[in-house]
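Welcome! Please take a moment to look over the sequence and the 3D view before reading on.

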Amino acid sequence: MQREQFDLMQRLAKAISVQFGKSCEVVVHDLSAPDHSIAVIENGHVSSRGIGDSASIVALEAMNADRVELHDRLGYLTKTHDGRMLKSSTVYIRDDAGNIDGIFCINFDMTALSVASTVLNDMASTPKADDRPEKIPTSVNELLDDLIEKSVEIVGKPVALMTKDDKIRAIRYLKDAGAFLITRSGDKVSNYFGISKYTLYAYLDL
């Protein structure tokens with residue numbers, strides 16, 4: 001991000017966190033650093049993260065934006081590692097050429113609001129009641145585990161029952177999600193799916 005952009009995002013993060021209190025986490029991701037993309041964070045206790053921590057799934061998608069068309073996401077559900085429900089919004093920061101070089105995220109812990117009065121329920125509502133919350137990882141390894149778990153869910157069967165085509169489908173999802181931007185992810189993915197690194201690269205080229 002340009003210095004002026006970064007300064008503005010930093011000030012906005014502080015303003016929003018003060019305005020909405022300690023339950024409102026605000027995060028700025030700098031996509032030039034995939035393994036430690038969090039450049040600014042206010043109220044990091046909400047997701048147990050700090051400056052220099054790893055990217056989220058949305059950050060990986062943005063780093064892989066040449067393959068995925070991305071739009072801002074507002075008012076969707078996420079989940080912390082300890083099971084608290086958050087209402088999240090993600091705004092992509094673009095440079096003059098339209099390339100995504102940062103992400104501005106708001107995560108509001110609505111666990112207490114869910115048992116509050118009817119007046120507060122309107123603030124805590126989400127667009128779709130049946131949306132499945134996304135987990136917010138606290139490390140690169142946890143993020144990769146979440147992506148692998150999601151790839152298995154997409155295929156719809158355990159690895160032991162997967163055919164070659166099933167594994168190719170799962171690995172294609174991981175590629176599109178940006179999983180291979182994570183350092184040494186190839187070793188973990190190939191071990192998980194019971195294939196060699198050579199086979200993994202062959203699948204990636206298909």
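This report walks through a sheet, a cavity, a helix and a single residue.

## The sheet

Keep in mind that this is a predicted model. A good place to begin is the open sheet, which has 6 strands and mixed pairing. Going across the sheet, you meet the strands in the order β2-β1-β5-β4-β3-β6. The edges belong to β2 (residues 38-42) and β6, each with a single partner strand, so one side of each has no neighbour in the sheet.

Inside the sheet, have a look at β3 and β4. These two strands run antiparallel and are joined by 5 bridges. You can find Thr78 standing opposite Leu86 in β4.

## The cavity

How many cavities of 30 Å³ or more does the structure hold? There is 1, and its volume is about 150 Å³. In all, 17 residues line this cavity, and those closest to its centre are Ser56, Val58, Tyr76, Thr78 and Ile136. Thr78 is thus a residue to meet twice: opposite Leu86 in the sheet, and among the residues closest to the centre of the cavity.

Several elements give two or more residues to the lining: β1 (24-30), α2 (57-63), β3 (73-79), β4 (85-94), β5 (100-109) and β6 (134-135). The most comes from β4, which gives 3 residues. By character, the lining divides into 7 nonpolar, 7 polar and 3 charged residues.

## Helix α7 and its two faces

Now turn to helix α7, which covers residues 197-205. Which of its residues are buried? They are Leu200, Tyr203 and Leu204. When you look down the axis of α7, the buried residues fall within an arc of 100 degrees, so they line one face of the helix.

What do these buried residues pack against? Their partners are α5 (164-176) and α6 (185-192). On the face of α7 turned away from the buried side, you will find the exposed residues Tyr198 and Asp205.

## A buried aspartate

One last stop is Asp146, in helix α4 (residues 140-155). Is Asp146 buried or exposed? Its relative accessibility is 13%, and residues under 20% count as buried, so Asp146 is buried.

Which residues does Asp146 touch, leaving aside its neighbours within four places in sequence? Asp146 is in contact with Lys135 and Pro137. Lys135 falls within the range of β6 (134-135), one of the elements that give two or more residues to the lining of the cavity.

Definitions and conventions: Residues are numbered from 1 along each chain as its sequence is written. This is a predicted model: local features need pLDDT of at least 70, side-chain atom pairs count only at pLDDT 80 or more; totals for chains, interfaces and linings use all residues. Side-chain values use heavy atoms; hydrogens and water are left out. Buried means under 20% relative accessible area, exposed over 50%, partly exposed in between (1.4 Å probe, protein chains only). Helices (H or I, at least four residues) and strands (E, at least two) are DSSP runs, numbered from the N terminus. The arc is that of the directions from the helix axis to the C-beta atoms. Contact means heavy atoms within 4.5 Å. On a 1 Å grid over the protein atoms alone, a cavity is a set of points where a 1.4 Å probe fits but cannot get out, and a pocket is an open set with protein on both sides within 12 Å along at least five of seven lines; lining residues have an atom within 4 Å of a point. Grid points are joined across faces, edges and corners, and a volume is the space filled by probe spheres set on the points. Ala, Val, Leu, Ile, Met, Phe, Trp, Tyr, Cys and Pro count as nonpolar, Asp, Glu, Lys and Arg as charged, and the others, Gly among them, as polar. Two strands pair if DSSP finds at least two bridges between them.
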